[in-house]
Amino acid sequence: MDGVVDHLADERNKAQFDVEEMKIVWAGSRHVFELSDRIARLVASDPVFRKDNRATLSRKDLFKNTLRKAAHAWKRIIELRLSEEEASKLRFYVDEAAFTDLHWGMFVPAIKGQATEEQQQKWLPLAYKMQIIGCYAQTELGHGSNVQGLETTATFDPQTDEFDIHSPTLTSSKWWPGGLGKVSTHAVVYARLITDGQEHGVHGFIVQLRSLDDHLPLPGITIGDIGMKFGNGAYNTMDNGVTRNGKCVRSNVPRQLIYGTMVFVRQTIVSDASCALSRAVCIATRYSAVRRQFGSQNGGVETQVIDYKTQQNRLFPLLAAAYAFRFVGEWLKWLYTDVTQRLQANDFSTLPEAHACTAGLKSLTTTFTADAIEECRKLCGGHGYLCSSGLPELFAVYVPACTYEGDNVVLLLQVARFLMKTVSQLGSEKKPVGTTAYMGRVEHLMQCRCSVQKAEDWLNPNTILEAFEARTARMSVAVAQKLAQFANPEEGFLELSPNLVEASVAHCQLIVVSKFIEKLQQDIPGKGVKELLGMLCNIYALNILHKHLGDFLSTGSITPKQGSLANDQLRSLYSQVRPNAIALVDAFNYTDHYLGSVLGRYDGNVYPKLYEEAWKDPLNDSVVPDGYHEYIRPLLKNQLRNARL
Ligand SMILES: CCCCCCCCCC/C=C\CCCCC/C=C/C(=O)SCCNC(=O)CCNC(=O)[C@H](O)C(C)(C)COP(=O)(O)OP(=O)(O)OC[C@H]1O[C@@H](n2cnc3c(N)ncnc32)[C@H](O)[C@@H]1OP(=O)(O)O
Ligand SMILES: Cc1cc2nc3c(=O)[nH]c(=O)nc-3n(C[C@H](O)[C@H](O)[C@H](O)COP(=O)(O)OP(=O)(O)OC[C@H]3O[C@@H](n4cnc5c(N)ncnc54)[C@H](O)[C@@H]3O)c2cc1C
């Protein structure tokens with residue numbers, strides 16, 4: 001910040017905690033912090049990675065621009081001999097959805113997780129060196145959620161020792177896979193395996209799509225892009241493909257390992273939610289401290305909008321959620337590592353819980369984050385609607401996360417099946433463990449009473465936990481009892497699916513709250529760091545309690561008076577967090593390049609930069625607009641009317 005006026009300096013001076021230590025907590029470790037900081041600066045200082053004018057480029061220019069950046073990123077990765085961890089951070093900070101996300105995020109993990117040793121030895125070195133570019137081709141025009149309903153077939157021909165991959169209908173065309181439309185040379189294609197005229201369910205097959213010489217589709221394969229998507233720039237940097245297939249190569253792995261890839265990707269999406277959410281919150285928080293409206297006394301300065309309690313009530317729960325998702329994401333990564341080690345040893349026992357947790361938390365965090373980005377846009381008033389705020393593009397890029405890698409409602413129904421199974425086994429030999437261990441105390445949870453008598457009693461983590469556990473247990477048992485009244489359980493499941501989804505949401509919220517509380521039980525150094533995190537944890541939990549008061553009251557988990565006290569405590573927590581708000585978003589350590597927002601600038605110098613940015617719009621290239629002579633001048637001179645008279 002040398003030589004630059006910091007308009008947010010007063011705000012930064014108010015902080016009551018050690019921001020540098022909080023940066024380490026946010027990053028996860030000092031090593032990750034230092035690595036991320038170095039790579040973020042490297043990307044920000046490279047002119048090829050500049051983000052300007054994405055919103056005004058045509059689809060073709062936008063796409064070519066993305067190819068250019070992806071190629072440059074790869075060049076830098078090779079030149080600087082970056083490690084896998086550094087390379088992945090570099091792609092993250094380049095911040096442009098591209099085929100490389102799918103190559104590294106799905107194609108490589110699918111091979112690692114599902115291919116045999118021999119197949120890995122053949123394909124992984126090529127993929128690691130980007131001598132082939134891959135995508136994940138599961139979804140078809142006719143089926144996405146219903147994976148078992150995919151129509152593409154892979155028929156083994158013993159004569160040629162080949163699989164014949166065939167899309168027999170229009171609806172069996174692979175439709176949506178990222179990177180497939182224009183770039184990928186290979187794909188992991190999901191198809192129904194047929195051998196000796198017998199079907200063996202859906203499996204993944206590595207298929208070469210394009211020639212490695214001239215990039216033309218191989219014989220029998222038709223490929224293209226599926227067309228413009230939501231938002232102008234945003235996700236249109238990505239080619240999403242459609243293809244119909246001919247012939248291919250081979251594979252044969254257990255069904256559970258196919259699931260492993262989805263568990264992996266959903267886990268990364270939870271971590272990504274905390275990134276997208278913290279980015280939007282950083283923009284809205286900094287701008288809320290810069291923006292002033294009303295409240296001027298005797299010609300003095302007006303009130304910073306961040307000081308309005310309504311602004312705090314909308315913004316601070318989002319700030320708290322960003323931290324909450326960060327910690328639950330860390331835990332989920334641990335869970336995934338654990339389940340992977342077990343799968344490798346042929347132990348599938350923890351897969352159902354890992355599936356329920358990744359599916360549920362993917363759903364909860366992406367739904368919340370997409371809504372929160374839009375709320376941050378509104379928190380920035382009119383200027384939030386400008387592309388230069390960074391928020392419209394962030395929303396457009398982020399919102400499909402509610403759909404891809406499993407529609408969020410479909411995923412919550414998976415959690416519901418797991419919950420109902422858990423309830424049905426209560427009282428049997430099989431004791432609930434892990435995230436459902438609380439169900440083991442169901443008798444207590446069905447009749448316990450919340451002890452809160454005054455607002456501060458809500459600061460006790462055990463009180464919060466028990467209220468959340470009682471709410472979830474009671475909702476789950478109530479819906480399980482209703483289900484039991486149906487002669488046909490599947491019919492009952494369909495009929496009661498809205499209640500089941502609500503119970504699943506409650507269960508997932510409980511996981512996030514409990515993982516935040518567990519985080520606070522760790523040794524966290526730095527002046528005031530733990531205290532601030534404690535406040536954020538309480539805001540996260542009490543805000544949910546306030547927003548879902550109906551659940552807590554209807555299950556008798558708390559009384560109306562206790563609900564009202566929770567809200568009093570929330571307001572008090574907002575006042576305590578307020579002086580720390582800017583420092584709490586500084587702890588995300590985002591560069592201005594990554595934020596891509598005039599409103600969220602580190603120095604808070606918003607107005608001159610907004611003005612400057614506006615002049616860069618192509619519409620301002622000429623003072624008199626194109627079309628003036630054809631359409632405006634004739635109107636003004638009444639030439640059209642005179643012509644008619
Ligand atoms: C690229 C990486 C992403 C990184 C994110 C970072 C973002 C950075 C910035 C963003 C920019 C660009 C990146 C964008 C990337 C987008 C990539 C998108 C990719 C995709 O969308 S790929 C396609 C994904 N498709 C789906 O997820 C389909 C959803 N459907 C299903 O998963 C399943 O079919 C189902 C869960 C609905 C189940 O259906 P059902 O028919 O009932 O069940 P079955 O299949 O028969 O299974 C029954 C039993 O199996 C259990 N089960 C199901 N799924 C799993 C699982 N995943 N793991 C373990 N077990 C599973 C199920 O519970 C049943 O068990 P039971 O018999 O009851 O014991
Ligand atoms: C940007 C983007 C990128 C993508 N990238 C890829 C990729 O790289 N590779 C790939 O293979 N796929 C990809 N997809 C596809 C994606 O995985 C699917 O769109 C997703 O799984 C949802 O499936 P669907 O489109 O069939 O939705 P549908 O299942 O048709 O959903 C439509 C509606 O029906 C509801 N619904 C469906 N089933 C049920 C049920 N059983 N009970 C209650 N309600 C139900 C849903 O909640 C939703 O409201 C991508 C999608 C997008 C948007």
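This short talk walks through a ligand site, an annotated domain and some aromatic contacts in one structure. Please keep in mind throughout that what we are looking at is a predicted model.

Let me begin with ligand 2. There are 20 residues around this ligand, and those that come nearest are Y136, Q138, T139, S145 and D407. Looking at individual polar contacts, we find that a polar backbone atom of Y136 lies 2.8 Å from a nitrogen atom of the ligand, that a backbone N or O atom of G178 is 3.0 Å from an oxygen atom of ligand 2, and that D407 uses a polar side-chain atom, placed 2.6 Å from an oxygen atom of ligand 2. Taken on its own, ligand 2 has 970 Å² of accessible area, and the protein covers 63% of it. If you want to find the surroundings by secondary structure, look at strand 4, residues 174-178, and helix 12, residues 408-424, each of which supplies at least two residues of the shell around ligand 2.

Two of the residues I have just named also appear in a record, since UniProt, in an unreviewed entry, lists T139 and G178 under "binding site". They are spread over 40 residues of sequence, and yet they cluster in space, with a largest C-alpha distance of 10.5 Å. As for T139, this residue sits in the loop that runs between strand 1 (134-137) and strand 2 (153-157), and its relative accessibility of 24% makes it partly exposed.

Turning now to the annotated domain, the unreviewed UniProt entry gives residues 259-420 as "domain: Acyl-CoA oxidase C-alpha1". Across residues 259-420 the chain is 73% helix and 0% strand, while the C-alpha atoms at the two ends are 21 Å apart.

My last topic is the aromatic residues, where a search of the whole structure finds 22 aromatic pairs. One of them joins F156 and F163, whose ring centres are 5.1 Å apart and whose planes meet at 50°, so the pair counts as tilted, the class for angles that are neither under 30 degrees nor over 60. Are these two rings buried or exposed? F156 is partly exposed, at a relative accessible area of 27%, whereas F163, at 8%, is buried.

There is also one aromatic cluster formed by W26, F92, Y93, Y323, F327, F516, F588, Y590 and Y594. Y594, a member of that cluster, has the charged end of R279 sitting over its ring, 4.4 Å from the centre. In a further contact, R12 lies over the face of Y602, with 3.5 Å to the ring centre.

Conventions
Residues are numbered from 1 along each chain as its sequence is written. Chains are lettered from A and ligands numbered from 1 in the order in which they are written. This is a predicted model: local features need pLDDT of at least 70, side-chain atom pairs count only at pLDDT 80 or more; totals for chains, interfaces and linings use all residues. Side-chain values use heavy atoms; hydrogens and water are left out. UniProt positions are given in the numbering used here, feature names are shortened, and annotations may be inferred rather than shown by experiment. Helices (H or I, at least four residues) and strands (E, at least two) are DSSP runs, numbered from the N terminus. Rings of Phe, Tyr and Trp (its six-membered ring) pair if their centres lie within 6.5 Å; planes under 30 degrees apart count as stacked, over 60 as edge-to-face and the rest as tilted. Buried means under 20% relative accessible area, exposed over 50%, partly exposed in between (1.4 Å probe, protein chains only). A charge sits over a ring if NZ of Lys or CZ of Arg is within 6 Å of the ring centre and within 35 degrees of the ring normal. A residue is near a molecule or strand if one of its heavy atoms lies within 4 Å of it. A polar contact is a pair of N or O atoms within 3.5 Å; within protein, one must be able to donate a hydrogen and the other to accept it, and residues adjacent in sequence count only if both atoms are side-chain atoms. Accessible areas come from the Shrake-Rupley method with a 1.4 Å probe; for residues, only the protein chains shown count as cover.
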